[in-house]
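Please open the structure in the viewer and keep the selection panel at hand. The stops below are arranged for selection one after another.

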Amino acid sequence: MLDHPSPALSDPPQAEVTAPVYVYELPVRIWHWVMALAITILAFTGFLIADPIWPLQMGQPYNHYMMGDIRFAHFVSAYALVLAMVVRVYWAFVGNRYAREIFLPRVWSRQWRGEFVKTVRWYLLIEPETSKESGHNPLAQTAMFAMFLLGVIFEIVTGFTLYGEGVGYGSWSYDLFTRWVVPLFGSSQTVRTWHVLGMWYLILFVIVHVYMAIREDIMSRQTMISTMINGWRFFKDNRP
Amino acid sequence: MTTVTTPNGFSLNNSGRRMVVDPITRIEGHLRCEVNLDQNNVIRNAVSSGTMWRGLEVILKGRDPRDAWAFCERICGVCTGIHALASVRAVEDALAITIPENANTIRNIMLATQWAQDHLVHFYHLHALDWVDVISALKADPKATSTLAQSISPWPNSSPGYFRDVQTRLKKFVDSGQLGPFMNGYWGNPAYLLPPEANLMAVTHYLEALDFQREIVKIHTVFGGKNPHPNWLVGGMACAINLDGPLAAGAPVNMVQLNLVSSIIDRTIDFIDQVYVPDLIAIATYYKHWDYGGGLAGRNLMSYGDYPVAANNWSDANLLIPRGAIINGKLDEIMEIDLRDPSQVQEFVDHSWYRYPDEAIGLHPWAGITDPNFELGPHTVGTKTDIKQLDEGAKYSFIKAPRWRGHAMEVGPLSRFTLGYAKGIAEFKEPVDKVLTDLGLPLGALFTTLGRTAARGLEASWAAHKMRFFHDRLMENLRAGDLVTANTEKWEPATWPAEARGIGHVEAPRGALGHWVHIKDRKIEAYQAVVPTTWNGSPRDPAGNIGAFEAALLNTPLADSSQPLEILRTLHSFDPCLACATH
Amino acid sequence: MGAESQTFYQLMRAQGTSRRSFLKFCSLTAAALGLEPVYAAQIAHAMETKPRIPVLWMHGLECTCCSESFIRSGHPLAKDVILKMISLDYDDTLMAAAGYQAEAILDEIPKKYPGEYILAVEGNPPLNEDGMYCIVGGRPFVDKLKAVAANAKAVIAWGACASWGCVQAARPNPTQATPIDKVITDKPIIKVPGCPPIAEVMTGVISYMITFGRIPDLDSRGRPLMFYGQRIHDKCYRRPHFDAGEFVETWDDQGAREGYCLYKMGCRGPTTYNACSTVRWNGGVSFPIQAGHGCIGCSEDNFWDNGPFYQPLSHVGAGFGVEASADEIGAAAAGVVGAGVLAHAGASAIKHWQKIKPKPKSDDHPPHEGDRP
Ligand code: HEM
Ligand code: HEM
Ligand code: NFV
Ligand code: SF4
Ligand code: SF4
Ligand code: F3S
Ligand SMILES: [Mg+2]
């Protein structure tokens with residue numbers, strides 16, 4: 001974005017730009033795109049599992065394995081998602097300070113809360129401009145935590161609960177999840193219903209998230225999309 | 001109180017000793033009975049109370065009408081499937097859905113299957129111990145038993161050794177000191193009249209029938225997947241038929257399943273005609289002078305008609321079980337029944353634990369209300385949670401009081417046979433005449449406890465033969481190339497009208513059953529069921545008419561006033577089902 | 001046990017069973033329970049030494065179809081269970097005695113065999129109206145139930161009614177029908193759900209308990225693992241069609257006639273734990289799915305309110321009183337958020353456009369970043 005300064009910056013006299021910050025280390029970036037792909041596949045295949053919309057197929061079962069393949073894709077992506085999340089959690093410990101942000105929104109900090117309010121005002125188009133953020137703004141942090149992180153964990157737990165039902169009594173997923181999650185929800189049917197609701201919850205996040213990523217890329221004072229590609233946050237102006 | 005005469009012609013006097021029988025066992029559900037005995041131990045007042053309520057009519061509100069059959073089916077597992085059938089018929093009526101011939105025929109086979117099995121189990125396992133003294137069977141001579149059995153039936157299990165074996169096992173069972181279900185029975189009561197040989201024969205068949213009834217229901221398993229509680233479908237049946245396709249082996253109904261059904265039908269006919277009916281006649285021979293328990297029998301009775309031979313045709317000529325009502329014993333005057341007419345079927349609740357805005361009037365089921373109101377009358381003895389004696393002057397039962405044109409009615413096999421007899425239909429008249437002639441009894445003997453029990457046995461035989469009739473019909477239709485089992489034109493709720501009302505009726509094993517449904521915005525707006533045992537077990541109505549149970553108990557003497565054997569006998573002759581009655 | 005009671009083996013012998021056929025019976029029982037042949041000897045030993053255990057079978061709010069199912073058992077035959085394996089001392093549906101004579105048994109047996117009898121419950125107690133929606137002997141069923149449970153060795157919950165509440169507990173549960181584990185809290189309870197349970201599952205559970213003198217392994221919800229360890233879907237004979245993506249699309253279509261998977265017709269096999277697809281019904285004749293109708297989930301908690309039955313799994317009521325499926329809720333929310341995003345994007349674009357294009361006529365308020373304090 002730096003090479004193509006936005007029109008907003010071309011108009012006023014060119015200011016010196018704050019030095020870029022290395023925000024997203026390589027593992028975070030790889031994780032992000034792997035995870036984004038996995039969730040896309042999971043939602044797509046999840047839809048098809050819920051609603052096999054293709055018309056009546058005829059023949060012998062051994063001629064097709066349509067549903068089996070779709071479920072297989074779902075499960076492979078599910079494992080990919082889990083692995084990616086494990087790596088990401090590890091990186092939260094060993095990575096830079098930005099690697100921790102989505103796991104722990106700093107709600108106890110007065111300054112953080114002030115920024116939160118300010119961001120809300122910014123999104124409500126009241127505040128004329130954002131603060132400079134090298135990591136996520138507090139609102140984004142909150143959304144990433146409450147919607148993305150909890151949502152993904154919820155999908156993983158309910159997903160492996162359903163998976164454990166299929167693999168059966170005595171499997172790791174049964175012992176780890178199915179055993180207690182099904183009674184918690186009341187019935188296997190209810191777990192499924194919530195698994196689907198969880199998908200929608202994530203879809204809501206993704207809609208807003210992708211919109212915000214593009215919007216902020218254009219309207220905020222720093223780079224966004226490229227950051228998740230090359231790791232560097234560039235700033236568009238030099239004010240505090 | 002002095003003697004009161006009810007509008008339907010029975011004298012009640014509650015001055016004598018009150019006897020409470022609760023629980024009434026060997027029935028479905030929870031029934032309480034209270035009677036007043038005069039100094040000769042004759043019943044002069046009878047009170048029958050349904051003591052359970054689950055609220056199905058309330059629970060059905062707001063549900064998908066296509067699901068209703070499954071909820072309704074759980075009204076009762078003894079007459080399993082019956083309410084499901086009434087329910088799919090009601091929804092189909094409301095939505096003007098016609099069903100394919102095969103579905104109609106399969107439903108008829110399933111209904112007849114239910115009749116045969118339910119009647120058989122009722123006779124041997126719920127009713128027989130009122131007539132059969134198990135302990136007396138120990139005194140029987142197996143050889144004489146064998147002679148008796150062979151004299152009445154060609155049934156092959158009848159050698160002296162066979163009966164001796166059963167007797168030995170029975171003896172050791174009794175000697176074990178653990179009597180199980182026979183504990184505290186009324187053995188030795190002077191009202192037991194069978195000789196030991198007949199008792200031994202009946203006990204033996206009690207066990208055989210317990211084994212055999214499992215076979216009959218396999219027909220439900222073929223067409224509905226399981227029994228109890230087979231599956232049904234609005235618009236037909238889900239059991240698709242595939243006879244010679246490459247995947248027929250995995251299809252619901254194929255040649256193997258049809259052969260199984262056919263073989264079960266043959267064995268059912270044999271069992272009922274060679275065991276059940278001969279036993280019934282043999283037992284009746286010894287009890288033919290015990291002529292109590294008439295009540296409303298032969299006086300006020302009705303049937304809604306059933307077994308449409310061709311699908312979707314409810315005209316009299318197409319029904320194998322006749323339709324109509326008889327009032328005041330006028331057998332030559334059969335009245336038309338119209339279940340849609342608001343002035344015909346009505347339910348009252350002034351003696352029932354429900355609330356109406358105005359309890360002096362009855363409500364037609366399409367306008368019906370089910371609003372529970374458990375309250376005890378001022379003359380109740382005991383407390384709310386420890387009732388010693390009910391106050392029949394107030395609310396006293398969870399059964400509503402249905403009336404047809406204001407009359408309390410009796411329904412069931414005896415009512416159906418009486419109608420068939422009155423109409424002169426040979427398949428009802430001939431067996432009745434034969435039994436009466438064999439026993440040397442007049443027609444009036446039919447209208448008793450024993451007559452009720454006999455009609456059920458004859459009906460079981462009728463049903464078994466109709467299974468054969470409909471199976472043949474099914475095969476003929478399949479031979480003609482028609483494999484269709486479901487009509488899905490109106491499966492999608494989008495094809496339904498915004499509002500619709502329907503009626504589904506079935507002649508259930510215990511009598512006339514009706515479901516009234518009101519569908520609005522694709523959901524059930526209101527649902528009412530008026531059930532055979534609701535009719536028979538009805539409490540009093542505002543006019544003071546008593547129901548069939550209460551009427552039948554009157555004037556019966558008890559041989560031993562500490563043992564309610566005769567009360568059980570008469571109540572059991574109706575085959576009461578309380579889960580049905582109150583739902 | 002009462003001194004005069006006989007062992008199971010004595011009784012079978014007395015009733016004319018030879019030792020050889022007795023042993024055969026034991027190995028058949030072992031096979032029916034899915035046990036190794038070596039267990040047959042253990043079963044035989046148990047039956048030779050133990051008197052018949054008294055069973056008190058009580059009925060609450062229910063439809064009696066669990067009893068009906070029980071008597072359909074083919075191996076062992078119901079009559080052999082009742083007359084040879086257990087001592088069925090109380091059961092409203094089958095017992096000879098009524099009234100006082102029946103009630104007396106419920107007092108006597110717990111006194112005579114404290115801690116040794118099994119309480120089997122069909123149906124459940126309603127709690128509304130002080131329990132008076134189910135009255136037995138003039139008193140609330142729930143009181144009788146608790147009294148008889150007090151000294152029982154173990155409790156069997158027959159069917160969906162006793163285990164979960166079943167149809168009378170479906171919304172709005174007007175009588176407050178309550179599963180028995182909510183009122184009997186200090187006894188081991190074996191749940192044998194199903195509406196009704198399969199006959200051979202019922203007798204299988206009983207014969208296991210009698211022959212091994214212990215309750216079977218239960219899952220986390222109290223169900224015997226041997227019968228409820230798997231879903232219908234896991235052993236369904238139509239599973240290859242599911243994996244192939246071959247579904248019945250409408251009733252009686254070609255797929256229906258070829259035995260295709262009923263998933264799209266609302267089959268609950270994937271979420272239902274029961275033995276129908278393995279043990280099957282009524283002597284193995286068929287089971288709901290084989291007969292062409294989807295499973296309605298009749299052995300699952302709350303299955304009545306997890307409908308409507310003919311909607312595929314993800315379409316059913318989300319179950320919090322909202323009359324909408326998970327997908328409807330999700331799609332509606334996505335619609336709202338999507339619209340919000342569009343509106344926001346529009347508003348942002350206008351604002352952005354204003355910002356980059358300073359209004360020529362008013363220079364008292366230039367939209368300049370530098371204006372901020
Ligand atoms: C973003 C994450 C996920 C989304 C959006 C998602 C979505 C879905 C959807 C919509 C369904 C169909 C449910 C139905 O109709 O009943 C489904 C089924 C399922 N999902 Fe997921 N899922 C996710 C993650 C997972 C994970 C992590 C697992 C773990 C293995 C998993 C395992 C399953 C299983 C086992 C099923 C049932 C498939 C079957 O039995 O045929 N899901 N998922
Ligand atoms: C399934 C889809 C996606 C999910 C679940 C997702 C999730 C996330 C999460 C959790 C983060 C925070 C990373 C961290 O700090 O640890 C993030 C950051 C980011 N994502 Fe995504 N993302 C998705 C798709 C996308 C797409 C399609 C784009 C691009 C258009 C995108 C652009 C970004 C950007 C630019 C950031 C960095 C934001 C910042 O610099 O503060 N994401 N994403
Ligand atoms: N009364 C009754 Fe039923 C019957 N037959 C149903 O309609 O028993 Ni359970
Ligand atoms: S669980 Fe179902 S089948 Fe058993 S009694 Fe209850 S309603 Fe009837
Ligand atoms: S019919 Fe039902 S249980 Fe069988 S494979 Fe299909 S979804 Fe699973
Ligand atoms: S409906 Fe019930 S009987 Fe079996 S197949 Fe499903 S659990
Ligand atoms: Mg009613």
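The tour goes from one chain to an interface and then to two metal sites. Please bear in mind throughout that this is a predicted model.

**Stop 1: chain A**

Select chain A and display it as a cartoon. Eight helices and two strands should appear, and their order along the sequence is α-β-α-α-α-α-α-α-α-β. Reduced to its C-alpha trace, chain A spans about 70 × 40 × 35 Å along its principal axes.

Now colour chain A by accessibility. Of its 240 residues, 49% are buried. The exposed area of chain A comes to about 11,800 Å², and 73% of this is supplied by carbon and sulfur atoms. A contact map of chain A may be worth drawing: of the contacts between residues at least 6 apart in sequence, 64% join residues at least 24 apart. Finally, mark the charges of chain A, 18 positive and 17 negative; the mean positions of the two sets are 6 Å apart.

**Stop 2: the interface of chains B and C**

Select chains B and C together. Chain B contributes 104 residues to the contact and chain C contributes 96. About 8,400 Å² is buried between these two chains, with 58% of that area on carbon and sulfur atoms. Then pick out B:His30, B:Gln178 and B:Pro181, which supply 8% of the area that chain B buries against chain C, more than any other three residues.

**Stop 3: ligand 3**

Which residues coordinate the iron atom of ligand 3? Select B:Cys79 and B:Cys580, whose SG atoms coordinate the iron at 2.5 Å. B:Cys580 also serves as a bridge between the iron atom and the nickel atom of ligand 3, which lie 2.9 Å apart. B:Cys79 is in the loop between helix H2 (68–73) and helix H3 (82–95) of chain B, while B:Cys580 is in helix H16 of chain B, so the two cysteines tie together parts that are 501 residues apart in sequence. Both B:Cys79 and B:Cys580 are buried.

**Stop 4: the magnesium ion**

Move to ligand 7, a magnesium ion coordinated by B:Glu57 (OE), B:Ala529 (O) and B:His583 (NE2) at 2.1 to 2.3 Å. The sequence spacing of these donor residues is E-x471-A-x53-H. Because B:Glu57 lies in helix H1 (residues 56–59) of chain B and B:His583 in the segment after helix H16 (578–582) of chain B, this pair ties together parts that are 526 residues apart in sequence. Are B:Glu57 and B:His583 buried or exposed? Both B:Glu57 and B:His583 are buried.

How values were computed: Residues are numbered from 1 along each chain as its sequence is written. Chains are lettered from A and ligands numbered from 1 in the order in which they are written. This is a predicted model: local features need pLDDT of at least 70, side-chain atom pairs count only at pLDDT 80 or more; totals for chains, interfaces and linings use all residues. Side-chain values use heavy atoms; hydrogens and water are left out. Helices (H or I, at least four residues) and strands (E, at least two) are DSSP runs, numbered from the N terminus. Buried means under 20% relative accessible area, exposed over 50%, partly exposed in between (1.4 Å probe, protein chains only). Contact means heavy atoms within 4.5 Å. Accessible areas come from the Shrake-Rupley method with a 1.4 Å probe; for residues, only the protein chains shown count as cover. Lys and Arg count as positive and Asp and Glu as negative; His and the chain ends are not counted. The place of a charge is taken as NZ of Lys, CZ of Arg, CG of Asp or CD of Glu. Donors are N, O and S atoms within 2.8 Å of the metal (3.2 Å for Na, K and Ca); water is not among the atoms, so sites may look incomplete. Buried area is the accessible area (1.4 Å probe) that two parts lose on being put together, summed over both.
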